[in-house]
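Here is a protein to explore together. Take a look at the model first, and then we'll walk through it piece by piece.

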Amino acid sequence: MSEKRLQGTGSEETGVSRRTFVKAAGASGAAVGLAGCIYGGDDGGDGTTLTIAMGSTTISNVEDSLPDLLHENGLSDDVEISFSEQEQDSGAQRDSYIELLEAEETSPDLFMMDTGWANVFIQQGYIANLTEELDDETLSTINDNYFEAFTNTVRDTENGDLYGIPLFPDYAVMMYNKGYAREAGYTDEDFSQWETEPMTWQEWAEMAAEITEASDAEFGFSTQWDIYEGTACCTLNEVMTSFGGAYFGGEENLQGPVGDRPVTIDEPEFIEALSMVYTLASDGSGDGTLEDYPSGVASSNITQWRENPALSPFTEGQAAFHRNWPYAIVEALTGDFDFEGPDDLGTMPLPYAVEDGEGAYPGTGGSTSAQGGWHICLNPNSENQDAALEAMSAMTADDFNLGMLEAIAWLPPKPDLFESEEATDPDAVGVVANYMNTLQVAGEGAMPRPVTTEWPSQAETIAEQANQAVAGEKTPEEAAADLQTAIEEIESS
């Protein structure tokens, strides 16, 4: 996966250009280049040079803003910031970090780590324990003011110790064409309610079918359901959780222990979630459809789509609704499309099937967004740990978070900042400011993906079975049973 978009799930780039970043301040921390190159000068005289590893395109977008924001928020003036480029693919970046840390290299001092695999570094003992290193005030800021689910992706599951500074989260939302909705009789009053109040999947599906029928939309919904990690970690994870289901018996088991946790896939909640997606994408004639949901709402091509291919039919006017990450909002509003602003493009939290907390497993139910984002972690071999900790503390300042939202549209890791005057001002932070209410609700209902050393192989298997079920190659029941067996075998091995 790539840092090109705010989340980290697939290997595909979004294609958001630097010009778009500058124009809209709205895409994300971006993809990367070759490992080992250093940006910045030599050490600053008698001062210290602190090196941060991140992607090359990220570097090009933050090198003019991030160092200044760090110094403005507490980093000593004699500490110079330099950057170490990493590979474009997030998995390759992870592997590069492992090589550096196993070799006990002293540089880079800080690593920008994907929320999808940062906890593996904790489990392997690769990165420094910040609960033991940071000052109490900084720790209290993170413990009291940050999104809990996002922060938990960089905590030790055994004792709760913190191993990274949550840098920016990412949450999926449902985008929709307001023009099409107006043709079906919906008004600004409805749009205001949809912005923060999730619907049930049944309510939403019936409405999507109604809007499609009343408008020029060719179909109701585009999303991502290809055979890739994004299906396992995100789109299926979201639907399954909103039905009250779970891969491993609930949120508490997402990080293991592997082989000593329940596998809860061949269960009614999982099967019903998969059946709903199959129903939405089918013509209604196959086995496994649900009577309570309209068929044909989603394009059958969702089984071939990842983020960008799924976005295109929405921006081109074919789909009335579209599930994606915040980068897609910026793409829709800054590209050569019919969406010119919030009067044309709306967002809502993803729908749900059972109420929050009423699912079969802990942490399930309610509107659920997959948890994406990135952290900053400390190299335990760094020879500049004092400066590194000073920089990490500066990253927790509100002004730093808001400054990065303005500079590159990194969403704040603190829910309260989503409501701040600056974060909701398009003139200050770009078009994403118009959608902070929805993004805040999405953040409060975020569900992380499983994070273990076995997850990559499990994700591939999950995506393959889920894809076959929605494509009609297996019934949802058959896919769930086969997947239960396959995941149990991986767990036991």
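## Starting with one residue

Where is the place of Thr438? Find helix 19, which covers residues 436-444, and you have found Thr438 as well. Keep in mind as you look that this is a predicted model.

Is Thr438 buried or exposed? Its relative accessibility is 1%, and the cut-off for buried is under 20%, so Thr438 counts as buried. Leaving out residues up to four places away in sequence, Thr438 touches Val173, Glu195, Thr347, Met348 and Pro349.

## The whole protein

Now zoom out. The protein has 21 helices and eleven strands. Its radius of gyration is 22 Å, and the globule rule gives 23 Å for 493 residues; those values are close, so the protein is as compact as a globular protein of that length. If you draw a box along the principal axes, the C-alpha atoms fill roughly 75 × 55 × 35 Å.

How much of the protein is buried? Of the 493 residues, 62% are. The contacts tell you about the fold too: take those between residues at least 6 apart in sequence, and 75% of them join residues at least 24 apart.

## Surface and charge

On the outside, the protein exposes about 17900 Å². Carbon and sulfur atoms supply 38% of that area.

As for charges, the protein has 15 positive and 94 negative ones. Work out the mean position of each set, and the two points are 6 Å apart.

## Salt bridges across the chain

How many salt bridges does a search of the whole structure find? The search finds eight. One of the salt bridges joins the side chains of Arg449 and Glu229, at 3.4 Å from N to O. Arg449 sits in the loop between strand 11 (446-447) and helix 20 (455-470), while Glu229 belongs to helix 12 (residues 229-242), so this pair ties together parts that are 220 residues apart in sequence. The two partners are covered to these extents: Arg449 is buried, with a relative accessible area of 3%, and Glu229 is partly exposed, at 24%.

Next up are Arg261 and Glu491, whose side chains meet in a salt bridge at 2.8 Å, N to O. Why does this pair tie together parts that are 230 residues apart in sequence? It does so because Arg261 lies in the loop between helix 12 and helix 13 (268-281), and Glu491 lies in helix 21 (residues 476-492). Arg261 counts as buried at 8% relative accessibility, and Glu491 counts as buried at 7%.

Another salt bridge brings together the side chains of Asp398 and Lys414, at 2.7 Å from N to O. Asp398 is in helix 17 (residues 398-408) and Lys414 is in the loop between helix 17 and helix 18 (426-429), 16 residues apart. Asp398 is partly exposed, with a relative accessible area of 40%, whereas Lys414 counts as buried at 3% relative accessibility.

## The loop after helix 12

Let's go back to the loop between helix 12 and helix 13, where you will also find Val263. Val263 is buried, with a relative accessible area of 13%. What does Val263 touch, not counting residues up to four places away in sequence? Its contacts are Tyr247, Phe248, Gln484, Ile487, Glu488 and Glu491. You have met Glu491 already, as the salt-bridge partner of Arg261.

For a sense of distance, try Val263 and Asn145, which are 118 residues apart along the chain. Their C-alpha atoms are separated by 33 Å.

## A covered helix and an exposed residue

Helix 15 (residues 326-334) is mostly covered, with nine of its nine residues buried. Those buried residues are Pro326, Tyr327, Ala328, Ile329, Val330, Glu331, Ala332, Leu333 and Thr334. Here's a handy bit of background: an α-helix has 3.6 residues a turn, so residues three or four places apart point the same way.

Now look at Asp427, which is found in helix 18. Is Asp427 buried or exposed? Its relative accessibility is 77%, and the cut-off for exposed is over 50%, so Asp427 counts as exposed. Asp427 and Trp455 are 28 residues apart along the chain, and their C-alpha atoms are separated by 41 Å.

Note on methods. Residues numbered from 1 in each chain as written. Predicted model: local features only at pLDDT ≥ 70, side-chain atom pairs only at ≥ 80, totals over all residues. Heavy atoms only, no water. Helix = DSSP H or I, 4+ residues; strand = E, 2+ residues; numbered from the N terminus. Rg over C-alpha atoms; globule rule 2.2 N^0.38 Å. Buried < 20%, exposed > 50% of the residue type's maximum accessible area, 1.4 Å probe, protein only. Contact = heavy atoms within 4.5 Å. Areas by Shrake-Rupley, 256 points an atom, 1.4 Å probe, with all protein chains shown as cover. Lys, Arg positive; Asp, Glu negative; His and termini not counted. Charge placed at Lys NZ, Arg CZ, Asp CG, Glu CD. Salt bridge = Lys/Arg side-chain N within 4 Å of Asp/Glu carboxyl O.
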